[in-house]
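Me: I would like a close look at one part of this protein. Please take one helix and follow what surrounds it, in plain terms.

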Amino acid sequence: MYEPSDDTWLAASLLGSVKTSLRQRRLKACADIGSGTGFLGLYTLVAGICEETVFVDVYDNALLNTRLNIDLNGLGSRGLVVSSTEGLRDSSLHLVVSNPPYLPGVPSNEYEASLYAGARGFEVIVDVVREAHRLLVEGGLMVLVYSSLSNTEVVEGEISRYFNVREVKVKRFFFEELKGVVLEKKSGGS
């Protein structure tokens, strides 16, 4: 399971911007897709951004870790932990946060699956963007992190189909650039 790191802090800083823009109001229903430890979803609850958050991950270890973290923070009644978004209704969420795997590569184990987004480096990200579009209400927000190693042309092309970009933050390393974005679902949807 992926532990919080620079990309997590980048997403958290963007969630801070979302909180500021809400001016003391809370969003009713949110999701952390690819929750891992649950840090970002917990942040949405603790910071008062969301009333309730659904934590989604495909791995049992991540789901257990997330459930423990929710309970340790006394947020059990406000967090639902699930292994898939299939049961969530279309246009039912106000915010989706995701720090999905974004490195090119094919995972051979559960830990690598938290790092590698597919052979071309964007497959998981594109799936998450499409699923967020399905789940969000019109005007709903998405906070997403991806890397310059993710084939940004494909990722940003997919983003532009469904979302308007509200904010961008970049963290540079000598070998890559992490990009965090706040997106708003386009009206009329494609």
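Reply: What follows starts at helix 1 and then moves outward to the core, the loops and a pair of packed helices. The model is a predicted one.

Helix 1 covers residues 6-22, which makes 17 residues. At 1.5 Å a residue, a helix of that length should span 24 Å, and the C-alpha atoms at the two ends are 25 Å apart, so the expected and actual spans agree. Just after this helix comes Arg23, which takes a positive phi of about 50°.

Which residues of helix 1 are buried? They are Asp7, Thr8, Leu10, Ala11, Ala12, Leu14, Leu15, Val18 and Leu22. These buried residues pack against strand 1, helix 2, strand 4 (93-98), strand 7 (136-147), strand 8 (163-172) and strand 9 (177-185).

Ile49 can be used to look at helix 1 from the other side. Leaving aside neighbours within four places in sequence, Ile49 is in contact with Leu15, Val18, Lys19, Leu22, Arg26, Leu27, Tyr43, Thr44 and Leu95. Ile49 also belongs to the largest nonpolar core, which has 51 residues. The residues with the most contacts inside that core are Ile49, Leu95, Met142, Val143 and Phe163. As a general point, nonpolar side chains in soluble globular proteins tend to be buried together.

Ala47 sits in the loop between helix 2 (39-46) and strand 2 (50-56). Its relative accessibility is 19%, and the limit for buried is under 20%, so Ala47 counts as buried. The C-alpha atoms of Ala47 and Leu15 are separated by 9.0 Å, although the two residues are 32 residues apart along the chain.

Ser35 is in the loop between strand 1 (27-33) and helix 2. With a relative accessible area of 7%, Ser35 is buried. Apart from neighbours within four places in sequence, Ser35 is in contact with Phe55, Val56, Asp57 and Thr66.

Next is the loop between strand 3 (79-82) and strand 4, where Ser91 is found. Ser91 has a positive phi of about 50° although it is not a glycine. Its relative accessible area is 41%, so Ser91 is partly exposed. Leu88 is also placed in the loop between strand 3 and strand 4, but Leu88 is buried, at 17% relative accessible area. Leaving aside neighbours within four places in sequence, Leu88 is in contact with Val54, Arg134 and Leu135. The C-alpha atoms of Leu88 and Ser187, 99 residues apart along the chain, are separated by 20 Å.

Asn151 is found in the loop between strand 7 and helix 6. Asn151 is not a glycine, yet it has a positive phi of about 65°. At 33% relative accessible area, Asn151 is partly exposed.

The last stop is a pair of helices. Two packed helices are described by the angle between their axes and the distance between the axes. Helix 5 (residues 123-135) and helix 6 (residues 152-162) pack at an angle of about 5°, with axes 10 Å apart. Helix 5 is therefore roughly parallel to helix 6. On helix 5 the contact is made by Ile125, Val126, Val129, Arg130 and His133, and on helix 6 by Val154, Val155, Glu158, Ile159, Arg161 and Tyr162. By class, this contact has seven nonpolar, one polar and three charged residues.

Conventions
Residues numbered from 1 in each chain as written. Predicted model: local features only at pLDDT ≥ 70, side-chain atom pairs only at ≥ 80, totals over all residues. Heavy atoms only, no water. Axes fitted to C-alpha atoms, helices over the stretch in contact; angles between N-to-C directions. Helix = DSSP H or I, 4+ residues; strand = E, 2+ residues; numbered from the N terminus. Parallel < 35°, antiparallel > 145°, perpendicular 65-115°, else oblique. Contact = heavy atoms within 4.5 Å. Nonpolar A, V, L, I, M, F, W, Y, C, P; charged D, E, K, R; others polar. Core = buried A, V, L, I, M, F, W, Y, C linked by side-chain atoms within 4.5 Å. Buried < 20%, exposed > 50% of the residue type's maximum accessible area, 1.4 Å probe, protein only. Expected span 1.5 Å × (residues − 1).
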